[in-house]
Structures are given as C-alpha cells and as structure tokens.
Amino acid sequence: MTERILTARMEAHPADSHTLARYEATGGYTALRKALGEMSPADVAAEVKASNLRGRGGAGFPTGVKWGFLPEDLRPRYLVVNADESEPGTFKDRILLERDPHQLVEGIALASYALDVHHAFVYVRGEYPKPARRLQRAVDEAYEAGYLGTNILGSGFDLEVTIHLGAGAYICGEETALLNSLEGRRGEPRIKPPFPAVAGLYAKPTIVNNVETISTVPWIVAHGGRAYAAIGPERSCGTRLFSLSGHVNRPGDYEIVMGMTWRDLIFDVGGGIPDGKALKAWIPGGASAPWFVPDEHLDTFVTIDDCAAAGSMLGSGAVVVMDETTDVVAAAHRIVKFFAHESCGQCTPCREGTTWMERILWRILHGEGRPADLDLLLDVADNISPGLRWPPAMTTICPLGPSAVSPITSIMRYFRDEVEAKITRGATVG
Amino acid sequence: MADAPDQVSITLDGRVVEVPRGALLIAAAIEAGTYIPHFCWHPRMKPVGMCRMCLVEIDTPRGKMLTTSCTTPVADGMVVETSSPVVKKAQEGVIEFLLINHPLDCPVCDKGGECPLQDQTLAYGPGDGRFVEEKRHYPKPIPISDLVALDRERCILCARCTRFSEEISGDPLIEFVDRGNHVEVNTFPNHPFTSYFSGNTVQICPVGALTARPYRFRARPWDLEAVEAVSTVDSVHSKVSLEASMNEIVRISGVDCDPTNQGWLSDKDRFVYEHLLADDRVVVPLIANGDGFREASWGEAVGLAASRLADLGGAVAGLGGARSTNEDAYVFSRFLRGVVGTPHLDAQLDDGLAPEFAAAVEPRALIDDLDDADAILLWGPDLKEELPVLYLRVRKAATAGAKLVVVHPRRTGLDDVAAHTIRYRPGEGPALLRRLAAGEGDLAEARDALGAGKVVALVGRPGLAEPAELAEAVAAFALTLDDARILPLVRRGNVFGALDMGLAPTLLPGRVSVDDAERRRALAARWGSLPDGVGMGATDILEAAASGRIGALVLLGVDPVRDHPRPDLARRALERAFVVALDLFVTDSTRHADVVLPVAGLGEIQGTVTNLEGRVQKLNRVVPPPGQARPAWSILDDLAAALGSELEADAVEKIFEELATLAPAYEGLTWDRFDWAEGRDGVVVPLEGVTPPLRHVPSDPGLAVVSERPALHLARVLYDDGVLVRHCPSLASLAPEAAAHLHPRDASVLAVREGDRVRLEGVGVVELPVVLDPTLAEGTVYVPFNLAETAALGAVPSVRIDVVREAGS
Ligand SMILES: Cc1cc2nc3c(=O)[nH]c(=O)nc-3n(C[C@H](O)[C@H](O)[C@H](O)COP(=O)(O)O)c2cc1C
Ligand code: SF4
Ligand code: FES
C-alpha cells in the first residue's frame, strides 16, 4: 500500500516542500479556502468526526469525539498543538514540522475554525531548533499571505498562532504538564478531571492534539471524512507515521496504512535485520510500550486495537527493533533510566520508584544483583502500577511512572532467564 | 440516596453514610469516622494529590479504580474501599518509597514523637525496608530565614509549605527546584524565607524538614504539657496551644478555630512566648531608688502605693488594661472607679478609635462575614503589619472572589489581591471619602464594587497621624450601603475586652454609657460607689498629670512613652506624677514609676479575652508565674484592701461571674462554657439590647487637615521596638530599618537619593535615611512607628523635612 497523505509533498519536492510557494503550488491552502468559503465550522468538525481519525500523540483517542467535549458556552477556547515529541525513538513529528510546516499551519487554521478558537499555540520541544525555525517561518508566511491573522481570506475569521519552545523536559509532552509549562509554571501534570477540554490553558476549554493529528486535517477537509475513513481497517483507518530505529536495515520515518502485520513492517518496510541476525524483540510504540517478541507477535496486525489486545500499544509510532545480540537488561535499564530522569518528581511512587528500579537494574547489570532482586523489582513495579496489567493501573498522577514499568515486565516475561543469569553469573557490562 | 439536599450518601467499606455534598472524599470519610492516611492533603489548602498516600478504591463502570481520595469529590451512591488489599499494598508502597530517602534521625529530630510519617509508617507501612542503596544526601539543616531551618534530607516533598506560601500567605518565597528524584524545596538565591507566617510551614510540615530555630532541640513532644488559649499579640485572638516543658513555655502552635485563625498564626503569635523567659522580666516588687529600683516585699510595695493613692484623694487616673484579661480589666475598672473613686481611666492611648465606636458600632461584622461578602472595603491599617491573621482571612476571601477595595496612603500587603487600590495623602481622607461616596471620576468603579450585595467594611486608622474620626466617617459611608457590616480595627491585645469592661471614660462595663442611670445604680449597689460625670481620656490625663492636676497614675501593662502619639507629653506626665505600674518589664514608661508590681503573663494565668468581633474566649494556664509575679486582679485586690476596701477578687471564676452579672453584653455567660464543644470556638457577645445604642458616627467628616508640608504617614510594623518584640530574641532582629520613605518625585524635588539622610521635625526631631517608595502617595513621608530611631517623632499631621547635607558637600 502506497497511500501518501502526510508525506507526499516532502517526498516529491525534497528541496522546498517547506515553503509557501511549493505548498500553494501543490494544492496547499485549498482546504482552508474551501472551508472558509463554503463550510460552516460545524461542517468541518463533522468531516473530522466522520473520518474516524484517532489521535497520533499516543493514546489513540478519536479526535472528533475529543473535539465534542468542549463545553458549548465557554469562551475563549484554545487549541494547543503538541510538538514536544520527546519519547526515545520517536521522530515523526519532526519531519512534519521541518519539511511540511504549512500542512500543519493549515490544519491549525481548519481545526481552529471548526472549534471557534482564535488563538492557537504550538509547543515545540526545545531540542528542535530547526523544526521550530521552519514552523515559525511558515507561520510568518501564512500571516503575510492572509492565511492567519485577522479576517483570514476575507472570511471574517481571526486566528493568532503562537509558537512556544519547551526547555527540555519529556514530561511536558503530557498534555497537562504542557499546559502548565505554557503558562509559565513547573511542568507537572495536573490531576484529571478536569480534562483540558473543560479547563485547560489558563483554565479555559482547550483542545490538545498531536502534530500528526492536526497535519491530517487538511486532507480530510479536502477529500472528505468518509474518504479518510475508507483507508485501511475500520478502527485504525488512515495512514500513520512510524519511526523505525534500532537493528533494521532501513531505519527512518514511514507513512503506512495501518493493518499490515509486524512482519511486513519490520521485514518489508524496514528491510529486515542487518547482517542476517535474528530478531529478538521490538518496542511497538515508543519507550513506554511493552515489548513484542517474534514468537508471539510477528503476525499481529499493526492496528491500535490489535496491539492493545496483545498487551501493548502503537503509542507514539516509535518502533525500536532489537536483534539477537541485544542485552535486554541493558536496554531495559536504559529506558528506565530515561523515565527516572524525566519524572517530574511530584508524585511519590514515580519519583522514588523509577529511580529505585533503575538502581536495581544497574546492580543486576553490573553483577551486583541478588536473587531477591527479581521479586523486588516486580514488587516495586507493582507499587507503581498495581497488578502489572495492560492498560496499566496506576498509583501515580500520570502514566509516566507506569511507563517505566513496561520494559521491566517485558524482560521479566520474555527474558527472565537472561536476567537470572546476570544475577548468578555476575556482570557482563564493565 | 440521601434525603437532605445538601447531603449525599456513599458506601464506605460497606457502611452507608451521609456526607456533605461537594465534600472531598478524604474529608467526608474522616468526618464519618473512617481515617484515611495522608501527607500532602491539608484541610485548609487546595488538594494536589501528590503524596499518593490517600489512595482508595472506587467502583466505576470499568471496575474498581485506585484514586486519591484527597482529589475526589463525593458523589451520591459512590462505593469506596479504604482498606482493601490493593489499597493496603499501595499505601505500604508509598510509605516504603517515602522512607527510602528519609534519614532515620528520628532520635534527634524535633518532629520525632509527633511525626505523621513516623505514625503512619507504624500504622500503614511495611515491616522493614528493602532499599539497600545510599540515601539521597544534602547538607544538614540550612537556615532559610532567621526563624526557620530546612533539612532537605527529611523532606517528603508534600508541597504543604510551598502551597501555604503561595496560596495562604501570598509570599511565595519557597519553591520546588529541579526535577524527579532531585526535586528539593528551597528558597530563591538571596531571598530568605522572610514571611510573617513562616512558622505555619513548620507546623504543617509532616516531617522534621522545616524546624523553628527558636525551638530546635528544646524539648521532646512527649515531654510537652499543653493547654489551649488564644494569642493576645493582637485583637484577632488566634487560637493556640501553649506548650511547656519544665515549667517554661517552649512552643506555641496554632489550633484550627474555624471562625478566627483556621489554624494559622503569625510568627509574632508563635514566637512571642520568648518574652516570658526574658532575663530582665520583673519578678519581684520594685520601689524607686535613686536612678533605679530596689527590690521590696509585696507588703512594703503595696503599702507604699496605697498610702500615696489614699493621700491624693480622687486626683488619680488609670491607664492601660488593653493587654490584660477581661477579669483584670474589670477589676481595674472597679478598683479605679469604686475604690479610688476616679472617673479618669482609659485603656487606649488616643492611638485607637473612639471607645463607643470600637465597642458598639452596629451592625457589626464577624470575621466569618468576609467569606460570603461580595465586596470588602478596607480603609484602615495595613493588615499584614497590624492584624496579620485577619490579613490571611481577607486574602482568602478576596482570592475566592470578593471584590476588595483597599484605601491606604501606600501599598499594603493586600494590594496584590485587591480589585481596587486607592491611595491618598494623609489629611485628604475626608475629601477622598466624599469623592468615593459620590463615585466621582476614577473612583466610579470602586464605588460600584461596593454598591452591590453584602459588604464588610474594615475600618480603622491607616496611620497614627490620622484622626480616629476618619474611621467613623468611613463607617458612616459604609452604613449608607445596602447591606454593610462594620469591623472596627484596633490592634492591641485585649483592647475590645478592656472597653467592654468599662476602661474608657465614657463607658461602664458591658458597653454601657456612663450616663445610663439605671446601670449606674446597679453598679453602685455592687461597687459601693461610682464617681460622677465623664472622666478624662488618655491625652487629657497625661496633660493633667504633667501639669500636676492629677497626682498619681496607675498603669496596667501600658507604655505611653512608646504608644501615645505624643511621647514627650507622656514622659513629662510620668516624671511628675506618682506612678504605680503593674507590668512585666521596666519599660520606657515604667522606669518612671515609683512602684513596679510584677504581673503574670500569657500561659501563667487563666482568664477570658474578647476579640475585635466581640468573641469571648478563654486563656488557660500551663506554667506558674515566675518569681513573685501574680495576676493583676489579685494585686489590685491587695491594693484595694490596703486602701480599706473589699473587692472580693480572690478567684478568677468569681470575678468572671461578677462581670457576667454586671456587664449586660456578657450576661448569662458561665466560666465553664468555654471548655465544652460549643463554646470552644468562643462566644460572640451580642450587641442587641445594649442601652443606649452607642452610635457615634459623624455623617459629615469635616476633618480635613491639609497642609503644605509633607503629610506624615506614621504606621505600625509587625516587628517594632515595642516591649514584647524587644524581649523576644528571635523577633527583635527582624524589625525593619528605620527610614523616611518618600515618593521618588518628592525626593527629586528635595534633591535626595536613596540612602541620603533627612531630618524630620514633628513633636520631636528624628534623623533618618531616605528610602524611595513609588507606591507612597505623593506629598507624604512614611515613617514606621515605634522603632527606637523613630519613637521621638510623635504622631503629627505633617512634618518639617530638612535634608542633612554632608559637611563640605
Ligand atoms: C508522559 C507522557 C508524554 C507524552 N508526550 C507526548 C508528546 O511528546 N507528544 C504528543 O503528541 N503527545 C504526548 N503525550 C500524549 C498527550 O498527553 C496527549 O494525549 C496528546 O498530545 C493528545 O493528542 P492526540 O489526541 O492528537 O493524540 C504524552 C503523554 C504522556 C503521559
Ligand atoms: S507519574 Fe511521574 S511524571 Fe507523572 S506526575 Fe507523577 S511524578 Fe510526575
Ligand atoms: S493526601 Fe492525597 S495524594 Fe497526598
């Protein structure tokens, strides 16, 4: 399947796909023209609802449904685009920002029109200077060309867009931490409810959507929601960006129609494992996702629901492939260390528990593990995510703490012997 | 389903209970008798759900869900498990997580023995720890202010202190820094935790991370003997627990009294006990001897005082009583009027409000009225400086939505949360009031804010150089509004109780006018006699003493040289008259006394006091008075006996019983009423039935004293050089630098810069450095009252200002 919705332009015009001229020359802003000219805001929202688009930020929540949660009578409303993309292995929003920023700008204008929003924000991770520059340039061009600002295209619709750079905290990708950070507070997740749609930025109704989600909106408005819904499997329709990395022959970003198997994704799209090595495991949806292994999951379909049923998720679309040489304890330790480092620190189980698990794994990795550490590790994990179930239960405020549990349950389920061997045989890492 | 509209029913561990609609689950459960452990939740602050100790399981359509009960409001039909295996495991987990980095230095920790972490570890924690790594280390306690030390190793990051500072006291000087496992509480560089309320954070810290430097290592909780009382530092009367070890008060903690302090104290309330232990406290009777004093026996001292008072007939006056209990004040009133036979007595020093107004202005507001007020008018002192706990209550109301209008010559602590701030030059208050009442020009919005709904008017003197009548005029304006109540603001300890006991020339006990014939008869019958006519107030008394018309002054806990607007007059009066002083210290005033009689202080006596809203509460005793100090009423009883009269004041209960019979507003109160549930928050004595109604509110404020010279704004600061603060080592150093504050434009006209020195001439002359204050009304100089360097200035409407030029420049 070669459907290209998000990446067609950048593929065809690698040199200048980010410019307004190229964007307009390839049909850009016609959806906005159409919406402002012929459609009511409700019409636009209805198309998005009909598209069955599910959010690309991680949780896969239906976008049209989320938009419907805005209370009727409260104004102002805000749209916040989540471009914090910081999960290890995820680099899909980056190309959308860097190589087709006008697509996002048009999506923002369309979504804002649909939602009666007059001020939208894009929160870009601080380590993305080039994508942020490209986006800022695109926004400036759009203002100049009359696609943003007051009385857009003579329609009477006004929209301001503000780009804000983060300061290097992964947790600011969590939508309520993001809102706090945008307000100038510490980037700490808020207690929900209230959800942002009811009380978000500056306590006003706010929709937070991922870059990819919003970038899809121009196509949906141009072609109709039903056309989008018709692509791929019913509950995971449309195309989706995957960031393939690790031990694959062709790492990179791929836009694919969901519904293929993992075997297809890793071996056809990704070109298989280098040097003819065997596949050992892969992370199907970002560092917070429980791992998949070839024995059980190669024929699982790459859809949101199939992956959930198999105990993991498509999450942020980051697929990290590990070959047979991978030290899974080292890999798990690296991921847990990331989450411990990125914990915002406000809730006890995450602040203390992630660090503790990291230390236990470090011990095991360095030959200082004890037999009791296996149970201890699982029990500490259980105190963060009771029952070690999927989707996770949590003693924490947000899912970051439980995210650190995923690699641990994964290695304990599939590679317990390797972990035990490290304890009985001692260190393998200097 | 619950029957009452404001109740819902929930199932708590299988038991169906009715709980208040909208309540947080944790509060409702605890109220219903099911304790839920917690660290970060505090009933007086917004929940944050951070510690995760209060997890419970709730039935949802998708099965049981773990959730924090401190962030979940109750809902009708909610089914809750507070100790299921899942909940228990989660709680054990949280405790274990908290302990992995918590040092086990409980044996040397102030909190040990009253530590929520220790207690909950015992009740809900795992048997042992499994953490074998090195704990997180920080340098042991670092001072974060003169009063508070911070031990970051002990901190469990519950955010109670940081939330208190931001949400309650409004001076966010401590914050979380860093992230994840490196989060720590700390102050900002070069900004110490100089909050007037810092001690509250020590009290609500669930571990020993924040400790009070005056208390560190002084006692173990299990050695403390505690009684309830109220703070008499100011007239709010915050409820406290007085805690003593080995017969010394070593700590004062706040007690949550819903209508008053809601648990909070100012640091002055909290650390003021230090004065009781001061080395130079007067603990034996003293008789003047040359330039100083000599110790004397009670018999000799009382005998000397009585014989001189007897010689002078009625040419005697009494000052003070505003720092004493109601019982002391009542006995003082009876002693002066009934025994000495003088009508000249005053608890205030012309530094407060007219007694009739302060005691009986109607309709009177309760502090609680702030909570549902639509608007609050504050035209009076800077509450943060003078009545800090009332500042907290007004701040709470204003942040909850009440429209606050602050009128003051300079920025006040409440300006941040005010809807409207209005500045004026002292002296121009009446003109401003007329414009405000008319809603003229830029005052229209503030006037509109006051026009709608329930209004609480907090009225007092913004500064001592402004006349008391201004407050009455402001009240008169407020009474023209639809639904306004007045809270008169006078700061000193038990000044309202003293007025209620008749310590004012125009008042008899029980808010009765001196010319109420019927009450006079009743009193005279009991007291034996009552002098005729209206006596003199403080200033007239001092004038009379200075000129010899009054031969003797009896002082009860009063310091006219420091507190009267005319310090020079006070000094001359005390130098000339025969002075009997009942006091804790030899002060600038009592050093002129002929006899000083040592009185017992807070925690050393029992008694009742009455706060600014008319709430009567009880003080209990936890330590014996030092040396030979005694309750004032008992000293006065001896003096009366030496004068040949019988006061029958031999037990505090008896005095209370007597005043509750003779003081109409207090009728029917009984001594033990305050010890039981409904009286523990005190009893507000009614204004109804006061005869005659003591309205004393001029409707036309023709008081303007506008001068070409700079107007003087002379206002109190929390930490001054008064006798209490001076005798508390921990507080004395906190007094601000004395300075003359000028608006930058005035300073540039005078060609002075910050730090230059100016000479101010009021009653006396003082020389002060200049501080520039752009928030001050132009044409005004602000000087903090009652600092050593400013004491001589006196409260005059305007001052002469001269720049002190360096020689040669
Ligand atoms: C710890 C954490 C980190 C997250 N990081 C991101 C992120 O970097 N980008 C993103 O779009 N969503 C992230 N999310 C998900 C957002 O909270 C939110 O669900 C998403 O932005 C919604 O967009 P969507 O509806 O378009 O998927 C994160 C969530 C968690 C719990
Ligand atoms: S789970 Fe971790 S990241 Fe999320 S709120 Fe708690 S401490 Fe912060
Ligand atoms: S008490 Fe509820 S989370 Fe701390």
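In what order do the strands of the open sheet of 5 strands in chain B run? The answer comes in the legend for View 1, and the other views move on to a hairpin, a second sheet and two ligand sites. Keep in mind that this is a predicted model. The predictor gives the complex an ipTM of 0.95 and a pTM of 0.94. For chain B, pLDDT averages 93, and 97% of the residues score at least 70.

**View 1. A parallel open sheet in chain B.**
Here the order is S20-S19-S18-S21-S22, and the pairing is parallel. Look to strand S20 (420–422) and strand S22 (483–489) of chain B for the edges, since each of them pairs on one side only. Going from one strand to the next, the twist averages 15 degrees. Now zoom in on strand S18 (residues 375–379) and strand S21 (residues 454–460) of chain B: they are joined in the parallel sense over 5 bridges. A handy pair to pick out is B:Leu378 with its bridge partner in S21(B), B:Leu458.

**View 2. A hairpin in chain B, with another strand pairing to it.**
Strand S14 (286–289) of chain B pairs with strand S15 (residues 292–295) of chain B in the antiparallel sense, over 4 bridges. One of the pairs to look for is B:Leu286, whose bridge partner in S15(B) is B:Glu295. S14(B) and S15(B) make a hairpin that has 2 residues between the strands. In the turn sits B:Gly290, with a positive phi of about 60 degrees. S14(B) also pairs with strand S27 (residues 595–598) of chain B, again in the antiparallel sense, over 2 bridges. There, B:Ile287 stands opposite B:Val595 in S27(B).

**View 3. A mixed open sheet in chain A.**
Over in chain A, 4 strands make an open sheet with the order S6-S5-S8-S7 and mixed pairing. Strand S6 (252–257) and strand S7 (279–283) of chain A each have a single partner strand, so one side of each is left without a neighbour in the sheet. On average, and ignoring direction, neighbouring strands here are turned by 30 degrees against each other. Strand S5 (residues 239–246) and strand S8 (residues 318–323) of chain A run parallel, with 4 bridges joining them. To find your way along this pair, start at A:Ser243, whose bridge partner in S8(A) is A:Ala318.

**View 4. The site around ligand 1.**
Ligand 1 is surrounded by 17 residues, and the closest are A:Gly57, A:Lys66, A:Asn82, A:Asn210 and A:Thr213. Sorted by class, this shell has 8 polar, 6 charged and 3 nonpolar residues. Strand S4 (residues 206–210) of chain A gives the most to the shell, with 3 residues. Several polar pairs are worth a look. In the side chain of A:Thr213, an N or O atom is 2.7 Å from an oxygen atom of the ligand. Backbone N or O atoms join in too: one of A:Glu175 lies 3.0 Å from an oxygen atom of ligand 1, and one of A:Glu85 lies 3.2 Å from an oxygen atom of ligand 1. On its own, ligand 1 has 620 Å² of accessible area, and the protein covers 88% of that.

**View 5. The site around ligand 2.**
What kinds of residues, nonpolar, polar or charged, make up the shell around ligand 2? The split is 8 nonpolar and 5 polar, with no charged residues. In total, 13 residues surround this ligand. The closest are A:Ile171, A:Cys344, A:Cys347, A:Cys350 and A:Cys398.

Notes
Residues numbered from 1 in each chain as written. Chains lettered and ligands numbered in written order. Predicted model: local features only at pLDDT ≥ 70, side-chain atom pairs only at ≥ 80, totals over all residues. Heavy atoms only, no water. Near = heavy atom within 4 Å. Polar contact = N/O pair within 3.5 Å; in protein donor to acceptor, adjacent residues only side chain to side chain. Areas by Shrake-Rupley, 256 points an atom, 1.4 Å probe, with all protein chains shown as cover. Nonpolar A, V, L, I, M, F, W, Y, C, P; charged D, E, K, R; others polar. Pairing = 2+ DSSP bridges. pLDDT = per-residue confidence, 0-100. Axes fitted to C-alpha atoms, helices over the stretch in contact; angles between N-to-C directions.
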